[in-house]
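Visitor: Before we begin, I would like to take one part of this model and look at it closely, and then follow what lies around it. Please keep the numbers in view as you go.

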Amino acid sequence: MNISLPDELKNFVDQRIQSEGYGTSSEYMRELIRRDRDRAQFRQYVLDGMQSPLLGRIDGSYFDSLQQKLQKHRAKKK
């Protein structure tokens, strides 16, 4: 795949490669594409969640229980 950019965008990409430590413009573009894919997936999760039925109240105890589950999960992995 080849991508043509006007000089202004090419200069921007070159600056980002240097300032962010990417090895090549391909690495930079792959990272942008991954971020876009992740953003699209996250958006879909949010939309799916908005359309799902309410299953209960979300309050401090809900998040406490999630944290406890996460700690148990991490302890099992060790």
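Which residues make the nonpolar surface patch of about 460 Å²?

Guide: The model is a predicted one, and what follows should be read with that in mind. The nonpolar surface patch of about 460 Å² is made by Met 1, Ile 3, Leu 5 and Leu 9. One of these, Ile 3, has its place in the segment before helix H1, which covers residues 7–20.

The patch leads on to the largest pocket, whose lining includes Met 1, Ile 3 and Leu 5, residues that are also among those making the patch. Besides these, the lining of the largest pocket is made up of Asn 2, Lys 10, Val 13, Asp 14, Ser 25, Met 29 and Ile 33. About 260 Å³ of space lies in this pocket, and helices H1 and H2 each supply at least two residues of its lining.

Two of the lining residues, Lys 10 and Asp 14, are also joined to one another by a salt bridge, in which the closest N and O atoms are 3.0 Å apart. Because Lys 10 and Asp 14 are 4 residues apart in helix H1, about one helical turn separates them. As for their exposure, Lys 10 has a relative accessible area of 42% and is therefore partly exposed, while Asp 14, at 32% relative accessibility, likewise counts as partly exposed. Both labels follow because partly exposed is the class between under 20%, which is buried, and over 50%, which is exposed. Asp 7 also lies in helix H1, and with a relative accessible area of 59% this residue is exposed.

From this salt bridge one can turn to the others, since the count comes to 5 salt bridges by the 4 Å rule. Glu 31 forms one with Arg 34, where the closest N and O atoms are 3.9 Å apart, a distance that is accepted because the rule asks for a side-chain nitrogen within 4 Å of a carboxyl oxygen. Glu 31 and Arg 34 both lie in helix H2, residues 25–51, and they are 3 residues apart, about one turn of the helix. At 26% relative accessibility Glu 31 counts as partly exposed, and Arg 34, with a relative accessible area of 38%, is partly exposed as well. Another salt bridge is formed by Asp 38 with Arg 37, and here the closest N and O atoms are 3.5 Å apart. Asp 38 counts as partly exposed at 44% relative accessibility, whereas Arg 37, with a relative accessible area of 53%, is exposed. Salt bridges that share partners also join Glu 31, Arg 34 and Arg 35 into one network.

The aromatic side chains give a further view of how parts of the chain meet. A search of the whole structure finds 2 aromatic pairs. In one, the rings of Tyr 22 and Tyr 28 have their centres 5.3 Å apart and their planes at 75 degrees, so the pair is edge-to-face. Tyr 28 is at 7% relative accessibility and therefore counts as buried. Tyr 62 and Phe 63 form the other pair, also edge-to-face, with 5.3 Å from centre to centre and 80 degrees between the planes. Tyr 62, at 35% relative accessibility, counts as partly exposed.

Finally, a few distances place the later part of the chain relative to the region with which we began. Ile 58 is found in the loop between H2 and helix H3, residues 60–77, and at 56% relative accessibility it counts as exposed. The C-alpha atoms of Ile 58 and Ser 25, which are 33 residues apart along the chain, are separated by 44 Å, and Ser 25 is one of the residues that line the largest pocket. Gly 60 has its place in helix H3 and counts as partly exposed at 44% relative accessibility. Its C-alpha atom is separated by 40 Å from that of Gly 21, 39 residues away along the chain. For Asp 7 and Gly 56, the separation is 49 residues in sequence and 54 Å in space, taken from C-alpha to C-alpha.

Terms used
Residues are numbered from 1 along each chain as its sequence is written. This is a predicted model: local features need pLDDT of at least 70, side-chain atom pairs count only at pLDDT 80 or more; totals for chains, interfaces and linings use all residues. Side-chain values use heavy atoms; hydrogens and water are left out. Rings of Phe, Tyr and Trp (its six-membered ring) pair if their centres lie within 6.5 Å; planes under 30 degrees apart count as stacked, over 60 as edge-to-face and the rest as tilted. Buried means under 20% relative accessible area, exposed over 50%, partly exposed in between (1.4 Å probe, protein chains only). Patches are made of residues with over 30% relative accessible area and no salt bridge: like charges are joined within 9 Å, nonpolar side chains (Val, Leu, Ile, Met, Phe, Trp, Tyr) within 5 Å. Accessible areas come from the Shrake-Rupley method with a 1.4 Å probe; for residues, only the protein chains shown count as cover. On a 1 Å grid over the protein atoms alone, a cavity is a set of points where a 1.4 Å probe fits but cannot get out, and a pocket is an open set with protein on both sides within 12 Å along at least five of seven lines; lining residues have an atom within 4 Å of a point. Grid points are joined across faces, edges and corners, and a volume is the space filled by probe spheres set on the points.
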